[in-house]
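Thanks for coming, everyone. Please look at the screen, and we will walk through one chain together.

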Amino acid sequence: FVMNIGGYYWLTGMLERFSGFPFVLCLLFGSVVWLYQGCTILIFAFLYRQARFYGAGNVIAASCAMCVAEWVFPMLFTHYFGNSLHLMPLTIQAADLGGPLLVTGLLTASSAGFYALLISVRTRQVQRFDLALAALLWILNLGYGAYRIHEVDARVATADKLQVGVVQVNMGLFEKRQDPIEGLTRHIQQSRDLEQKK
């Protein structure tokens, strides 16, 4: 619930602005969405507990449970735990192999590995398999990320170039609706101007 408030804090303001309902009612609607989307974590916790009961290690149990939870639970606003790495391109290149769920699995593996490290420190019994598996997965992931970025950059450097122009009529949403002909006229004129600059 709290995680979804952080990710979708804008929901109540958007509902209030576009629905015309009072803030308290919009907050209630938002809370229902936040609570519903938070159910993914309940599914994760249940699956993780079951996997641990049947003997799976922390890293495998957590990674598989999170991937399955995100895969099967229907979201109103689809998102993945792995999306949180979007500002670190090196870490998300594996998405071309397994989509965002693979990135979710890798991120969950690192969290489970950190958890195994905390358990090792607290109990003085090193969780070797979980620590080694989490480290190996991330070494492979970062290695693949570096390879993939280098490969794509090399292809971009030798690829044919295409010049692209963007036309912006600088009219507000309501202004465009009130005078669509003016918007079309501006688009056509700016497109011609752009074509002449080539």
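Is leucine 162 buried or exposed? It counts as exposed, because its relative accessibility is 73%. Here are the cut-offs: buried means under 20% relative accessible area, exposed means over 50%, and partly exposed is in between, with a 1.4 Å probe and protein chains only.

A word on the source. This is a predicted model, where local features need pLDDT of at least 70 and side-chain atom pairs count only at pLDDT 80 or more, while totals for chains, interfaces and linings use all residues. Residues are numbered from 1 along each chain as its sequence is written, and side-chain values use heavy atoms, with hydrogens and water left out.

Back to leucine 162. It sits in the loop between H7 and helix H8 (173-178). Helices here are DSSP runs (H or I, at least four residues), as are strands (E, at least two), and they are numbered from the N terminus. Now find phenylalanine 73. It is 89 residues from leucine 162 along the chain, and their C-alpha atoms are 41 Å apart.

Next, the inside. Which residues make up the largest nonpolar core? There are 10: Phe44, Val59, Ala62, Ala65, Met66, Ala69, Ala109, Ala112, Leu133 and Ala134. A nonpolar core is a set of buried Ala, Val, Leu, Ile, Met, Phe, Trp, Tyr and Cys residues joined through side-chain atoms within 4.5 Å.

Where do these core residues come from? Helix H4 (58-72), helix H6 (95-123) and helix H7 (128-158) each supply at least two of them. H4 gives the most, with five residues. A second, separate core has six residues, including Ala94, Val103, Leu106 and Trp138.

Let's zoom in on two members of the largest core. Alanine 62 lies in helix H4. It counts as buried because its relative accessible area is 6%. What does it touch? Leaving aside neighbours within four places in sequence, alanine 62 is in contact with Phe44, Tyr48, Thr108 and Ala112. Contact means heavy atoms within 4.5 Å. Valine 126 is 64 residues from alanine 62 along the chain, and the two C-alpha atoms are separated by 18 Å.

Now valine 59. With neighbours within four places again set aside, its contacts are Ala109, Ala112, Gly113, Asp130, Leu133, Ala134 and Leu137.

On to charges. How many salt bridges are there? The count is four. The rule is a side-chain nitrogen of Lys or Arg within 4 Å of a carboxyl oxygen of Asp or Glu.

Start with arginine 148 and aspartate 96. They form a salt bridge, and the closest N and O atoms are 2.5 Å apart. This pair links distant parts of the chain: arginine 148 is in helix H7, aspartate 96 is in helix H6, and they are 52 residues apart. Arginine 148 counts as buried, because its relative accessibility is 19%. Aspartate 96 is at 41%, so it counts as partly exposed.

Arginine 148 also meets glutamate 151 in a salt bridge, at 2.5 Å, N to O. Both lie in helix H7, three residues apart, about one turn of the helix. Glutamate 151 is at 23% relative accessibility, so it counts as partly exposed.

Then follow glutamate 151 to arginine 155. Their side chains meet in a salt bridge too, at 3.8 Å, N to O. Why are they about one helical turn apart? Because they are four residues apart in helix H7. Put it together: Asp96, Arg148, Glu151 and Arg155 are linked in a network of salt bridges.

Now the cysteines. A disulfide is a covalent bond between the sulfur atoms of two cysteines. The rule here is a pair of cysteine sulfur atoms within 2.5 Å. How many pass? Zero. Take cysteine 64: the nearest cysteine sulfur, that of cysteine 67, is 6.8 Å away, and cysteine 64 is in no disulfide. Cysteine 64 counts as partly exposed, because its relative accessibility is 44%. Cysteine 26 is buried, with a relative accessible area of 0%.

Last stop, helix H2 (residues 10-19). Phenylalanine 18 lies there. At 65% relative accessibility, phenylalanine 18 counts as exposed. Any questions?
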